[in-house]
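User: I've got a complex open and want a quick tour. Can you walk me through it?

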Amino acid sequence: MSLADLIPSRFPPGFRWVGGAVWRLEHAFERAKAKDRPEDNTRVRIFVVAMAFATVFCVLAIGATHAALFSDAGKGDGYAPVTPGARADLVDRNGQLLALDLTHYGLYLDPTEVWDTAQTKAQLARTVPGLDPARIDKALRSDKRYYLIGGLTPEDRDRIHDLGLPGLYFEEEEKRVYPLGTTASHLIGFTDSGGEGLAGVERALNDDVMQAAASHGQIPLSIDLRVQGALEEELRTAAEEFTPKGAVGIVTNVRTGEILGMASWPTFDPNQPGAATDDQRLNRAAASVFEMGSTFKGFTVAIGLDTGVATPGSKFDATHPFQLGYRTIHDYHGTNRILTLVDVFVHSSNIGTARLAESIGPQRLAHYFDALGLTRPATVELKESARPLTPKVWNEDAVASTSFGHGIDVSPLALAEAYGAVLNGGVYVPLTVKKLPEGAKVKGRRVFSESTTLTMLQIMRANVEDGTGTKADAPGLSVGGKTGTGEKFDPAIRGYSTSKQVSSFAAVFPTDGPPDAPRYFVLILMDEPHGTASTYGFSTGGWVAAPAAGRVIDRIAPFVGVQRHTPAPLAVAQYVTAGKYE
Amino acid sequence: MIARLYERRWRGFRVVDLGLFGFLMVLMLVVYLAKTFGGAERSQIAHVERQISDEKVRVRLLQAEVAHLEQPGRIEALSRQYLGLQPVSAKQEIKADALVTVSGGATHP
């Protein structure tokens with residue numbers, strides 16, 4: 001008989017062994033007495049107890065030694081642990097701060113510790129201007145700790161602390177701050193109070209920003225604050241002069257697709273997004289679509305060249321209006337003569353462009369527009385990227401309209417993306433708001449041949465030298481471009497308005513150099529601008545957008561490393577036969 | 001010899017026991033002193049770490065303030081308003097090798 005025999009057989013063998021051992025220990029005295037050696041029992045018990053204490057001591061000693069020598073305490077980077085909702089800093093491509101989390105303080109009141117409620121209320125109301133007195137009353141009547149106000153700066157905290165009032169407590173809280181205010185606000189976006197991105201990069205790269213916060217890293221964006229500053233300033237100046245409903249400015253690197261600057265006017269302060277109207281918060285560069293007008297002629301001409309339908313010297317009859325589908329097409333400034341392809345572009349001839357589009361045909365035009373991304377939202381991280389409005393059927397009517405930018409609504413970003421493929425050697429490269437490594441080679445999809453790019457660069461340069469874009473020229477920077485003036489559809493008259501326009505200028509610089517040379521695209525767009533005395537009342541792209549584009553290029557060229565030089569003579573100049581555009 | 005040493009007594013107490021008791025007292029004193037000094041140092045380290053953390057918060061605050069003050073639009077507006085500056089025009093730019101021409105070929109005396 002032993003204790004092991006008392007343990008039911010359903011228990012594991014280990015229990016039975018332990019039971020047996022306890023039984024043997026407990027009956028050691030009886031066995032020792034039976035063997036006439038009772039002192040052995042005492043020694044065994046002392047030994048067992050001593051061993052048990054020794055074992056526990058050793059375990060504790062090892063634990064203490066490990067905690068003392070190998071603990072992680074003090075081995076961190078000195079920052080506080082990452083709090084839930086923490087977000088990494090956003091910086092521009094040169095490391096300039098755009099957005100960061102700053103430690104603020106939440107103020108709590110414990111009414112059970114308050115001695116003088118009247119004094120507490122009066123002093124708090126006087127010291128914390130944003131604090132609602134009704135909230136203080138509610139807190140003072142409460143029977144537990146009560147949250148009064150958040151977002152206090154260290155200075156605010158010190159000021160309240162210096163009051164010496166009992167029952168007031170502070171708790172740290174992170175708050176997203178945009179130190180640049182309205183600068184690049186539409187691109188950067190904003191977050192909610194819980195740290196979730198709601199707009200712009202904050203929303204588009206929400207997960208990246210959260211993950212980078214865990215390692216106290218930064219997210220470098222593609223924009224260059226110097227370029228952004230110049231773009232915004234010139235856009236604001238132009239907007240104040242021509243009082244449009246809205247305006248857009250974009251600068252991209254056509255080789256990499258990086259957005260170097262993106263501005264939407266009117267703007268807002270992302271530190272107080274709730275104080276702005278929907279119109280101010282609207283990112284017109286990404287979330288609005290427009291019938292762009294003649295800037296689309298750049299695509300039609302490039303498609304004509306790439307398909308072999310036309311050469312720079314090809315002739316088009318613009319002597320009289322042209323009937324295509326249900327439309328009769330007129331020229332804004334009729335030349336009433338035979339035009340070369342270069343003339344068509346330089347004089348922005350609707351008739352010549354429609355005749356070219358007819359030769360290209362609906363299927364090929366639709367195929368190229370699709371390859372240029374014009375039938376989809378711009379490929380960019382921004383969630384606001386708007387879906388375009390495209391023709392349901394690609395027939396002659398659609399060709400007639402879309403060839404010069406009517407009947408198809410795209411976002412300014414989509415236009416910039418498509419122009420990138422025209423100007424960078426013929427490769428469609430998605431736009432990005434992330435900074436790419438220096439010298440990065442971006443894989444893209446070939447749309448045009450390199451020779452098409454070289455010819456288009458020359459034709460666009462010719463347009464700035466002799467055509468509708470002369471006001472965009474910047475000395476020594478070999479600027480090229482295309483004006484665009486799209487009449488807006490007015491639901492009130494169920495037709496196109498003659499007074500409401502979308503005026504734009506799509507520019508590129510420098511136009512010389514090999515097809516894969518560093519090259520930059522600049523777009524200035526105004527939604528319903530108003531002509532002034534200085535523009536003789538005109539509000540077309542050449543009058544309101546081209547000068548701003550030229551000034552932007554003039555200012556940003558040093559920042560992107562483009563040096564002034566004497567431009568090479570244009571090979572296509574011989575095809576400018578219709579004279580300088582006046 | 002060990003047995004003799006073990007049986008040696010002083011005023012009824014084994015010398016070995018007294019020696020071990022003394023050793024225990026010394027160990028306790030050492031542990032007490034080590035913990036006391038260690039505790040003081042730990043609180044000093046915690047204080048310094050708190051200071052570092054506060055300074056980092058202040059540094060970030062200052063970085064944000066610098067970024068706010070250096071907003072391109074703000075700098076441009078101040079430059080125009082108070083200094084009469086404006087963006088450099090193409091006419092004001094010159095290449096380094098043309099500096100001699102601009103200076104009229106003047107040389108140092």
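User: What separates the centres of domain 1 and domain 3 of chain A?
Analyst: Taken over C-alpha atoms, those two centres are 90 Å apart. Keep in mind that this is a predicted model.

User: Where do the domains of chain A run?
Analyst: Domain 1 covers 3–70 and domain 2 covers 89–219. Domain 3 comes in two pieces, 228–268 + 288–575.

User: What scores does the predictor give the complex?
Analyst: The ipTM is 0.71 and the pTM is 0.80.

User: And chain B, what's its mean pLDDT?
Analyst: Chain B has a mean of 86, with 94% of its residues at 70 or more. Within chain B, helix H2 (residues 15–69) has the highest confidence, at 92. H4(B) has the lowest, at a mean of 75.

User: How many residues of each chain are in contact?
Analyst: On chain B, 18 residues; on chain A, 26. H2 and H3 of chain B each supply at least two residues of chain B's side. H2(B) gives the largest share, eleven residues.

User: What classes of residue are on chain B's side?
Analyst: Nine are nonpolar, five polar and four charged.

User: Switching to the sheet in chain A. What's the strand order?
Analyst: It reads E9-E8-E20-E19-E18, an open sheet of five strands with antiparallel pairing. Strand E9 (259–265) and strand E18 (480–490) are the edges, each pairing on one side only. From one strand to the next, the twist averages 10 degrees.

User: Which helix packs on it?
Analyst: Helix H20 (residues 450–466) of chain A does, touching E18 and strand E19 (495–509). The direction of H20 makes about 75 degrees with that of E18(A).

User: How many bridges hold each pair?
Analyst: E18(A) and E19(A) share ten, in the antiparallel sense. Between E19(A) and strand E20 (residues 520–527) there are eight. Strand E8 (residues 246–253) is joined to E9(A) by six.

User: Which residues are bridge partners, say for Lys482(A)?
Analyst: Lys482(A) partners Ala506(A) in E19(A). Elsewhere, Phe509(A) partners Tyr520(A) in E20(A), and Val251(A) partners Gly261(A) in E9(A).

User: What's going on in the hairpin of E18(A) and E19(A)?
Analyst: Four residues sit between the strands, and Arg494(A) takes a positive phi near 50 degrees.

User: Where are the cis peptide bonds you can point to?
Analyst: One joins Trp265(A) and Pro266(A), with omega about 5 degrees. Pro266(A) is in the loop between E9 and helix H12 (278–281) of chain A. Another joins Phe509(A) and Pro510(A), with omega about -15 degrees. Pro510(A) belongs to the loop between E19 and E20 of chain A.

User: What about His216(A), what's its phi?
Analyst: Phi is positive, about 55 degrees, although His216(A) is not a glycine. The residue is in the loop between helix H10 (206–214) and strand E7 (218–220) of chain A.

User: Why does His216(A) count as partly exposed?
Analyst: Because it has 13 other C-beta atoms within 10 Å, and the exposed class stops at 12 or fewer while buried needs 20 or more.

User: And Arg11(B), buried or exposed?
Analyst: Arg11(B) is exposed, because just 5 other C-beta atoms lie within 10 Å. Its phi is positive too, near 50 degrees. Look for Arg11(B) in the loop between strand E1 (9–10) and strand E2 (13–14) of chain B.

User: Last one: where is Lys95(B)?
Analyst: Lys95(B) is in the loop between helix H3 (72–83) and helix H4 (99–102) of chain B. With 10 C-beta neighbours inside 10 Å, Lys95(B) counts as exposed. Its C-alpha is separated by 22 Å from that of Leu85(B), ten residues apart along the chain.

Definitions and conventions. Residues are numbered from 1 along each chain as its sequence is written. Chains are lettered from A and ligands numbered from 1 in the order in which they are written. This is a predicted model: local features need pLDDT of at least 70, side-chain atom pairs count only at pLDDT 80 or more; totals for chains, interfaces and linings use all residues. Two strands pair if DSSP finds at least two bridges between them. Axes are lines fitted to C-alpha atoms, for helices over the stretch in contact, and angles run from 0 to 180 degrees between N-to-C directions. Two residues are in contact if their C-beta atoms, placed from the backbone, lie within 7 Å. Domain bounds come from an automatic or database domain assignment. pLDDT is the predictor's confidence in each residue, from 0 to 100. Ala, Val, Leu, Ile, Met, Phe, Trp, Tyr, Cys and Pro count as nonpolar, Asp, Glu, Lys and Arg as charged, and the others, Gly among them, as polar.
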